[in-house]
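This report covers model confidence, one helix, a surface patch and a set of salt bridges.

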Amino acid sequence: MYELFSVIIHKGGCYGGHYHVYIKDVDALGNWQLQICSKDPINDLFQEEESKLMTNEKVQKDTENIKEMENPLTILKGILSEEESKQIPVDQLGQKLLEKKGMSWNKKYRKQYGPIRKYLQNHSQIFQLSPDDNKVSLKEMYHQLQFGSDCQGQVLQSPSQNNDVQWTSESLCTVLKDSASGSHWFDLNDSKVQPIKEKDIEKQFQGKESAYMLFYRKSQLKRPSEAQANPRYRVPGHLLNEMDAANIELRKRRMDCDSADNNIDLRLHLGSHYKLYNGALHPSLSWKESVLDLTTDKRKTLGDLRQSIFQLLEFWEGDMILSTAKSLPAGLHLYQTLDGDEMTLGGIGLADGADVFVWNGKEVGGMEVLPGLDHEPVLLNVLRLAGYNEGGKGQHFIESQHVVPCSAELSTLWKALASPGGIILMNRSGSDKEVENWQVVPEEDMRKTVRIVGLADGSSILVLDSHDQSLVNVASGNLTAFMHDISWLQVKNFCQLEADEKQVKITATVETVMSDIKIKAIQELQLGEELVDDSCLRPINRNGKLLSPVPEDYTVKEAELKMGSLLGLCHGKAPTSTQLFLYFVVGSDLQGAPEMEIVVEETASVRECLNVMLKKSGLPGDNWHLRRIDWCYEAGEALSEEGARLKELNVCSGDTLVITEGKLPPKGFLKVPIWWYKPLMHFGQQESMQDQVNCMMGTLRVSPAGDSPTYIQSDIGLCYAGNVEISGEAFLEDLKIQAMTLPFFQELSVPSPEFLRAWTLESKRPGKLLRNNQQQLNEYKLGGRTEICIEPLQKEENLGPSDLLLRVQMGIPGERDYYHSVDLVWDISKECTAWALRHRLAAHYSLPVEKIEIAKYFPEKFEWMTISSWTQQISKRKRKKKQESLQSAPFHLKDGDIIGVKNLLLEDGKDFSTVRDDIGKETQRQLAMEKKKSRQAQRLQNNVFSEGKVATKHRKPEVALSINVGIFR
């Protein structure tokens, strides 16, 4: 007969897995069974767990019973409690569930709770998994491991794990026989050994085991008697030595672990090395000399600790009192005196890193120390408004730190910090929080302690004197401004011109009213009280100019003043919120003319405002009108509606208006200056190159001929002819007819308006070409200051909307010069490309297209830009690239542009520049250098600010701004 004594099992697949083996205990080395006791602590654990699960479901009792029956926790506990050994393989647990509920775990619970093994791990307070996670049992309440089924009362605990079920036989010293079941089996899985019953082995092959191998032996074979219960029988000596060394190492590691779990590090503060000031203890020596580190076992008693300290401090004499201490922001503070030498350190609450103060229990450094929570010191931030000469740049507050006992009353704090009549505000959240956190301490809270009102370490106290209490709303008891918004405004005295102009700093916030600032400034400057009703505050800009007065009922925020701004205290009442403070200048020379000031109602009309200005300036007559001043400090748009109110025209305080001579045209009419224009591009030999360059750069000369002012510009033949007053609904032809009636044009014989070409004048040069004589002037969107230049023609002209007028000039062969320019009209309705322009010019000069080169001239830069017709070769598979239009960047071709043409049949050079261009560029470079030097000298001169003088910034004359927008596809 043969009997089974070993099984080798392979888990996994054919490409990998894990082996473990079952071996029968033929030598009776161990009989490991979980004890089943009469008092089962597991039931108590079940009841406790079930009560936790039922706490939140008492409202719905009917649903509760159903859920409890379907709860997988209850079902699994029931299955395990029915098992005799209270443990079962995890694979068989799923099979038991299928037999009990008729449904597998994967089908019923996997979607909600996940795999069964993960569910068991998540409920480790109920279920105990074996080290290899193959078996599961119910956890016992007291974490005891009991062996045998006869309840002999023997309780064995694992030295390594007192809180876990014992799965190995390393510490088993008593062999228990189970006569009913015979020899038992072991499950050897790598370094883990577990007991298993023979009947359980039969169920191991019902799951998903890949393969197994069975080993049999003759049942008549008997083991020798010396092998019974002898685990060292016939074990090689070297293996026994290795096993003993491993056990010694294991015991050492257990001792180290036990020491690490129970050892604590204490910091001993020696009272003889400390002193008391500001309500807290501070080391009188270095930290290393005042503090000692001591490591001890928390299972030792307080008496043992005291004895260790005595041995450590051989110099100590007298009583030794140990008190718990804590480091606070204010310093070290003592709390509880340690009593009861028989109590353990862990029992009295000493933890790792605790501070222990060693002293005589009465005094430190000759001063009495009051320990306890009631005498805990609190570190407060005390803030005061900085004075005129206090604090650094931009520093609004002087901050200091004060230490007070938490049992101190606020009245004591107020007497120590605030002056008579002053108040204190507290902020429990710190000094950099919101305004709402600041609150005034009321009178009834003065008897309360610091702790009761909620002040702690880091809280802030703001101390305000009596003259600073405008920052507080007394009714609500709150601060009216955020601390970082509290700053100053500087006020300079301009009321006493014979005296020194003193300057003071006034504390203010964005919500401070300007009248309060004025009153404070008068008091600080020690001026008479009569100035309160006869003075105003005026901002001063960085150039030293006094700006418009600020209404006294405005706040700093409404007046749009920045903190730190300089204000001038001047004579005169400030305008009200319904009045306007205006500057005005007489004449056209705005840079040299003095500015005058008036105050008018915002509901006044333009005519009424003009009359006030004329009366103040002493100008006679009514042949005047008002204009706004533009961004470059020149006379701009006219206020044509004399009956309109200033408010309706958006005239604001501080605006500057210009009184200009002459009456405005009626509404709907335009007053247009007319200029006579004739290009003169080819200069005579009698003129030098430098003279030609000066003309090209736009030098203006005054002509003495005629009564009216006439201006001549040599390079383009520009002469002033006079003004034309015409309706905006008139046509361009009517404008030309009226221009022909001017005295300048009567000397010329112009047959009809078709022999005249009209341009707008931009920067004293022709700008936009006005075409279509039958178009109204309003459609051209001519501004109130638009000037028109008229060019005579040799023949009638009627340009269409797609015609482009170019000035074309052919280069003189062998010379760096050009013939007279001729006008060329080019139809660009089809395309405006370089290729089309070359064909048009070649046809005009009867030359082959490939034998000409063309370029555009930029007279303001004295530069030529070659217009090339080369196009990039495009792949046949790709769509042909559309050529760029010459009206886009970089050429921006427009009416009146100069185009140079080179005949390659007569000359090979492709240089389009002339001698005038070289001289012009050099002249521009010299002017730029002189301008740079002048700016540097002016900047050095302006570094020193001269008080009492207003630095006027001279600006360039206004020029037209041309914006070219490319063609976007």
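What pLDDT does the protein average, and what share of the residues score at least 70? The average is 77, and 77% of the residues score at least 70; pLDDT is the predictor's confidence in each residue, from 0 to 100. Over residues 34–63 the pLDDT is below 50, and beyond near neighbours in sequence this stretch has 46 contacts in the model, a contact being heavy atoms within 4.5 Å. Residues 871–880 also stay under 50, with four contacts beyond four places in sequence.

The model is predicted: local features need pLDDT of at least 70, side-chain atom pairs count only at pLDDT 80 or more, and totals for chains, interfaces and linings use all residues. Residues are numbered from 1 along each chain as its sequence is written, and side-chain values use heavy atoms, with hydrogens and water left out.

**Helix α18**

Helices (H or I, at least four residues) and strands (E, at least two) are DSSP runs, numbered from the N terminus. Helix α18 spans residues 834–845, 12 residues in total. From first C-alpha to last, α18 reaches 17 Å, close to the 16 Å expected at 1.5 Å a residue; the expected span is 1.5 Å times one less than the number of residues. Ala-834, Ala-836, Leu-837, Arg-838, Leu-841 and Ala-842 of α18 are buried. Buried means under 20% relative accessible area, exposed over 50%, and partly exposed in between (1.4 Å probe, protein chains only). The cover over the buried residues of α18 includes strands β43 (803–810), β44 (822–827), β45 (852–858), β46 (863–867) and β47 (897–903). Ser-846, just after α18, takes a positive phi of about 55°.

**Surface patch**

Tyr-2, Tyr-212, Leu-214 and Tyr-216 form a nonpolar patch on the surface, with about 470 Å² of accessible area together. Patches are made of residues with over 30% relative accessible area and no salt bridge; like charges are joined within 9 Å, nonpolar side chains (Val, Leu, Ile, Met, Phe, Trp, Tyr) within 5 Å. Areas come from the Shrake-Rupley method with a 1.4 Å probe, and for residues only the protein chains shown count as cover. Strand β10 (residues 211–218) gives the largest share of the patch, three residues. Tyr-212 lies in β10 and is partly exposed, at a relative accessible area of 47%.

**Salt bridges**

A search of the whole structure finds 28 salt bridges, each defined as a side-chain nitrogen of Lys or Arg within 4 Å of a carboxyl oxygen of Asp or Glu. Among them are these:

| Pair | N to O distance |
|---|---|
| Arg-757 and Glu-797 | 2.6 Å |
| Arg-807 and Asp-823 | 2.8 Å |
| Asp-817 and Arg-916 | 3.5 Å |

The pair of Asp-817 and Arg-916 links distant parts of the chain, 99 residues apart: Asp-817 is in the loop between β43 and β44, Arg-916 in helix α19 (residues 915–942). Asp-817 is buried, with a relative accessible area of 16%, and Arg-916 is buried at 11%.

Salt bridges that share partners join Arg-757, Glu-791, Glu-797, Arg-807 and Asp-823 into one network. Within this network, Arg-757 counts as buried at 3% relative accessibility. Arg-807 lies in strand β43 and Asp-823 in strand β44, 16 residues apart. Arg-807 is buried, with a relative accessible area of 5%, whereas Asp-823 is partly exposed at 36%.
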